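Ready for some practice in reading a protein structure? Have a look at the model below, then work through the exercises at your own pace.

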Amino acid sequence: MNDRTMILTESEARTRWCPVRIGAYAGPAAVNCLGSACAMWRWTEPLRLLCRVPDKCVPYAEPALPEPARPDGVPSSWKWTPAMDPQDDTGGVWLEPVSEAQARMRGYCGLAGKP
Ligand code: SF4
């Protein structure tokens, strides 16, 4: 196995055995990597949320206007987030949930240094 294969998504890492937890063996489910719940986990990239602006600009309004027509391809899990700045002429964006963005991020166990 080369070093590149040790950079994983968190869900991939959680399928692998942890060398520390194996020392206190308490059954197969208790020896897997904890991912970002462990102090040794290191991300290789920053969190980046995807977003999508409306096809037609929505004027800024206080209180915020309701969600405009959702364009094709914007997942139902993405939340409409009205613009907070009157200078923002998009009117808002659909924003990907943090959990979905984090599922794409990759990292590694820092126990033995950087891969
Ligand atoms: S990040 Fe490393 S030390 Fe932490 S649980 Fe995963 S394999 Fe174990």
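The exercises that follow go from the whole chain down to single residues. Keep in mind that this is a predicted model.

**Exercise 1. The overall build**

Task: Work out how many helices and strands the chain has, and in which order they come.

Solution:
- Step 1. Count the elements: the chain holds 3 helices and 6 strands.
- Step 2. Walk along from the N terminus, and the order reads β-α-α-β-β-β-β-α-β.

**Exercise 2. Compact or extended dimensions**

Task: Compare the radius of gyration of the chain with that of a compact globule of 115 residues.

Solution:
- Step 1. Start with the reference: a compact globule of 115 residues would have a radius of gyration near 13 Å.
- Step 2. Now take the chain itself, which has 20 Å.
- Step 3. Look at the box around the C-alpha atoms: along the principal axes it is roughly 60 × 25 × 25 Å.
- Step 4. Add burial to the picture: 9% of the 115 residues count as buried.
- Step 5. Finish with the contacts: among those with a separation of 6 or more, 59% are between residues 24 or more positions apart.

**Exercise 3. The sheet with S1, S6 and S2**

Task: Find the order of the strands in this sheet and say which strands stand at its edges.

Solution:
- Step 1. The sheet is open, has 3 strands with antiparallel pairing, and its order is S1-S6-S2.
- Step 2. The edge strands are S1 (8-9) and S2 (41-43), and each pairs on one side only.
- Step 3. Check the first pairing: S1 and S6 run antiparallel and are joined by 2 bridges. Here Leu-8 stands opposite Gly-107 in S6.
- Step 4. Check the other pairing: S2 and S6 (residues 106-109) are antiparallel too, joined by 3 bridges. On this side Trp-43 is opposite Gly-107, and Arg-42 is opposite Tyr-108.
- Step 5. Put the two sides together: Gly-107 in S6 faces Leu-8 and also Trp-43.

**Exercise 4. The sheet with S3, S5 and S4**

Task: Explain why one side of S3 and of S4 is left without a neighbour in the sheet.

Solution:
- Step 1. Write down the order, which is S3-S5-S4 in an open sheet of 3 strands with antiparallel pairing.
- Step 2. S3 and S4 stand at the edges and have a single partner strand each, so one side of each has no neighbour in the sheet.
- Step 3. Follow the pairing of S3 (residues 51-52) with S5 (residues 92-95): the two run antiparallel and are joined by 2 bridges. Arg-52 has Trp-94 as its bridge partner in S5.
- Step 4. Do likewise for S4 (residues 79-82), which pairs with S5 in the antiparallel sense over 4 bridges. Lys-79 is opposite Leu-95, while Pro-82 has Gly-92 as its bridge partner.

**Exercise 5. Lys-79**

Task: Decide whether Lys-79 is exposed or buried, and find its contacts.

Solution:
- Step 1. Locate the residue: Lys-79 is part of strand S4.
- Step 2. Count its surroundings: 11 other C-beta atoms lie within 10 Å of Lys-79.
- Step 3. A residue is exposed if that count is 12 or fewer, so Lys-79 is exposed.
- Step 4. List the contacts: beyond its neighbours within four places in sequence, Lys-79 is in contact with Trp-94 and Leu-95.
- Step 5. Add one distance: the C-alpha atoms of Lys-79 and Glu-67 are 9.2 Å apart, with their positions 12 residues apart along the chain.

**Exercise 6. The ligand shell and the core**

Task: Describe the residues around the ligand, then look for residues that also belong to the largest nonpolar core.

Solution:
- Step 1. The residues around the ligand include Cys-18, Arg-21, Cys-33, Cys-38 and Cys-109.
- Step 2. Sort the shell by type: 9 residues are nonpolar, none is polar and 1 is charged.
- Step 3. Look at Arg-21, which lies in helix H2 (residues 19-22). With 15 other C-beta atoms within 10 Å, Arg-21 is partly exposed. Not counting residues up to four places away in sequence, Arg-21 touches Ala-30 and Val-31.
- Step 4. Turn to the largest nonpolar core, whose 5 residues are Ala-13, Cys-18, Cys-33, Tyr-108 and Cys-109.
- Step 5. Compare the two lists: Cys-18, Cys-33 and Cys-109 appear in both.
- Step 6. End with Cys-33, whose contacts beyond four places in sequence are Ala-13, Arg-14, Arg-16, Cys-18 and Cys-109.

Conventions: Residues are numbered from 1 along each chain as its sequence is written. This is a predicted model: local features need pLDDT of at least 70, side-chain atom pairs count only at pLDDT 80 or more; totals for chains, interfaces and linings use all residues. A residue is near a molecule or strand if its C-beta atom, placed from the backbone, lies within 6 Å of it. Ala, Val, Leu, Ile, Met, Phe, Trp, Tyr, Cys and Pro count as nonpolar, Asp, Glu, Lys and Arg as charged, and the others, Gly among them, as polar. Two strands pair if DSSP finds at least two bridges between them. The radius of gyration is taken over C-alpha atoms; the globule rule is 2.2 Å times the number of residues to the power 0.38. A residue is buried if 20 or more other C-beta atoms lie within 10 Å of its own, exposed if 12 or fewer, and partly exposed in between; C-beta atoms are placed from the backbone. Two residues are in contact if their C-beta atoms, placed from the backbone, lie within 7 Å. A nonpolar core is a set of buried Ala, Val, Leu, Ile, Met, Phe, Trp, Tyr and Cys residues joined through C-beta atoms within 7 Å.
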